[in-house]
Amino acid sequence: MSTIVIGPATDRWGRYRLPTAALALGAVAAGLALAAGWPYWRAEPAAAAVNAFVTGAFVTSGILLASLAVLRRTGLLAIAAGLCWAATWLLCREVGPLPAIGLFANALFFVVLGWGVLLYPDGRLTGRADWWAAMVTTVAFGPLAVVAIIVAEPEWNGFAPEVRWPSLLSDEAVFGFVSDLYTVVNPVLAVVFVGLLVRRCARLYGLERSLIAPALAVLGVVVLCLAALSPTLENHRPGHVADGIAAQGAALAVFPLALLVAMVRRAVAAATAADRMLRLGGGPATVGAVRDALRSVLRDGTVDVFFWLPEEHRFVDVDGEAADPDGRPQAWRQEVTATSGERLAVVTGGPLLRRHAPFTEAALRAARLALQNAQLQVAIQAQLVETRAAQRRVEEAEAAERNRIARDLHDGVQQRLLALAMSASAAEWSTEDDPDSTASVFRDIRAGLLAANAEVRNVARGLDPEILRAAGLAGAVRDAAGRLGLPVDLRVELTGTAPYGDLAERTVYFAVCEALANAVKHSGAGAVWVRLTGGEARLEAEVRDDGRGGAAAGTAGGLAGLRDRVDAAGGSMLLTSPPGAGTTVLVSVPVGGAR
């Protein structure tokens, strides 16, 4: 993700320098084309104007395109094509080797043009078919064109016999074969290029479809026209090569115009992005509406918005769910900040948006206020999501607790009572001749009943701690500490008026019980310290042990359930448990049953 700083212009003419330089250099290239082909242009003023325009338009559009990073290769190839087209017209000056140089420059023009078409608009070849088309074009208009020149004589191409032609292996049969080969290669390559352009159009989507597809369609038409107007090599009629190339120039005039129109449309889209964003976002600035407006303006249905919650130091999506924008497989990512510099959101989308930085930046700047309002809304939504999630976890924990109690009743109390019933039955059938055995059975029955009563009381304590009503919070905590089986240093510093509210007292009591149970079961502690404080506003309980530490409140377990219970009561829990240094659980809840 790049950061772009936009500041005030230091030169009022700075924005016009590049277009002015491009037009000036294009005019120079057009002048070179006129100078090169002047012997022909004197009798063909219309063709002279068209081909001079072609040369200048290629150079001008190439300079402008090269100023954009994603189109730099296309722009450089367009400049090279314009210069090759200017050099092509040296074939009109039948002096020395200039006609042969002109023909070779024309062949190089088609090599450069072919690569430029295949690289547009990605700046790269997009598949195996593109590579094959580029290689065949390079061979057909590179080495094959050289062969056509060195095996020919000037008059076979319609030039004067006195022209200095680089005939190294003059052979009219070979020259005729190469000429006939071009009559096949040219239309086949044209059809292949049109097919590749159609495939590229089909793969476009969003903003690229509206900006690039028309230019690709024009390119396809131009390619077909060039193949149809291509002059044959073997023709003894003087001037036929220049006539054919001049006709191709008329078709080529549309090519740079299509590139310039696509570039202008890109600039217009960037200039109007802010206005379109404001118009689409004119309704209620809900979270979903802001995202949908961005999708519509950016013309990308994959655009998503992740809002930054500064107080919680995390991202959430439009539904308030926790999200990680860096973990999404998105090729484009842009951070949006408020005017004060504070982070607002991260917007992600498809890879094609990387090519339209001015457009996306204008849209996001216009969406800044709407994103600020949506950030406030999504913060509330995130709190609701967290509350619902905590409630679900509490309900699941309570359901698990009920299942545990049911198992305890079934496996403990019920089995014990069944055993006592069997003992009573045995005592009923015992004879009076063995009073000692009968007394022993009744002693076992009495002990079993007392144990069953203790188990029932423990189960009831887990369901509804009656001791809270009987002895109050301080007495209930003392009772829990007394049953721990470890040395407990208990300090009670309660102020205010008791009771503090059923929800607050139950939450603190269960928190102390859970922390004490963890100290016995998991920490290997030798001593525990409990501090109970509270007043008019909050109740706090701190349980600290000297165990092994390393405890964590994950998504499951007693500490996770305790955190959920405290969150549901509107409180907070702080767990500190460095390895080897004991565990401290600090719970704070509002009094009066507040949530």
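Asp-130 forms a salt bridge with Arg-199, and the closest N and O atoms are 3.3 Å apart. A salt bridge here is a side-chain nitrogen of Lys or Arg within 4 Å of a carboxyl oxygen of Asp or Glu. The pair links distant parts of the chain: Asp-130 sits in helix 6 (residues 128-140), Arg-199 in helix 8 (residues 172-203), 69 residues apart. Helices (H or I, at least four residues) and strands (E, at least two) are DSSP runs, numbered from the N terminus.

The model is predicted: local features need pLDDT of at least 70, side-chain atom pairs count only at pLDDT 80 or more, and totals for chains, interfaces and linings use all residues. Residues are numbered from 1 along each chain as its sequence is written, and side-chain values use heavy atoms, with hydrogens and water left out.

## Salt bridges

A search of the whole structure finds six salt bridges. Three are tabulated here.

| Pair | Closest N to O |
|---|---|
| Asp-130 and Arg-199 | 3.3 Å |
| Arg-237 and Asp-243 | 3.5 Å |
| Arg-343 and Glu-335 | 3.4 Å |

How exposed are the partners? Buried means under 20% relative accessible area, exposed over 50%, and partly exposed in between (1.4 Å probe, protein chains only). Asp-130 counts as buried because its relative accessibility is 0%. Arg-199 counts as partly exposed, at 27%. Arg-237 has 44% relative accessibility, so it counts as partly exposed. Asp-243 falls in the partly exposed class at 32%. Arg-343 is partly exposed at 33%, and Glu-335 is partly exposed at 26%. Salt bridges that share partners also join Asp-130, Arg-199 and Arg-200 into one network. Side chains of opposite charge can pair when their charged atoms come close.

## The chain as a whole

The protein chain holds 18 helices and ten strands. Of its 595 residues, 44% are buried. Contact means heavy atoms within 4.5 Å. Among contacts in the protein chain with a separation of 6 or more, 66% come from residues 24 or more positions apart. The accessible surface of the protein chain is about 29800 Å², and carbon and sulfur atoms account for 60% of that surface. Accessible areas come from the Shrake-Rupley method with a 1.4 Å probe; for residues, only the protein chains shown count as cover.

## Helix 7 and a surface patch

Helix 7 (residues 143-150) has these buried residues: Leu-144, Ala-145, Ala-148, Ile-149 and Ile-150. They pack against helix 5, helix 6 and helix 8.

Phe-104, Leu-108 and Val-146 form a nonpolar patch on the surface, with about 200 Å² of accessible area together. Patches are made of residues with over 30% relative accessible area and no salt bridge: like charges are joined within 9 Å, nonpolar side chains (Val, Leu, Ile, Met, Phe, Trp, Tyr) within 5 Å. Phe-104 belongs to helix 5 (residues 98-119). The relative accessible area of Phe-104 is 31%, so this residue is partly exposed.

## Strand 5 and its partners

Is strand 5 (residues 343-349) largely enclosed or left open? Six of its seven residues are buried, so strand 5 is largely enclosed by the rest of the structure. Two strands pair if DSSP finds at least two bridges between them. Strand 1 (residues 304-309) runs antiparallel to strand 5, and four bridges join them. Asp-304 has Thr-348 in strand 5 as its bridge partner.

Strand 4 (residues 332-337) also pairs with strand 5 in the antiparallel sense, over six bridges. Here Thr-337 is partnered by Arg-343 in strand 5. The hairpin of strand 4 and strand 5 has five residues between the strands, and Gly-341 takes a positive phi near 95° there.

## The five-stranded sheet

An open sheet of five strands follows the order 6-7-8-10-9, with mixed pairing. Strand 6 (488-494) and strand 9 (572-576) stand at the edges; each has a single partner strand, so one side of each is left without a neighbour in the sheet. From one strand to the next, the twist averages 10°. Axes are lines fitted to C-alpha atoms, for helices over the stretch in contact, and angles run from 0 to 180 degrees between N-to-C directions.

Strand 9 pairs with strand 10 (residues 583-590) in the antiparallel sense, over five bridges. Leu-574 stands opposite Leu-586 in strand 10. Helix 17 (residues 502-523) lies across strand 7 (528-534), strand 8 (538-545) and strand 10. Helix 17 runs at about 5° to strand 8.
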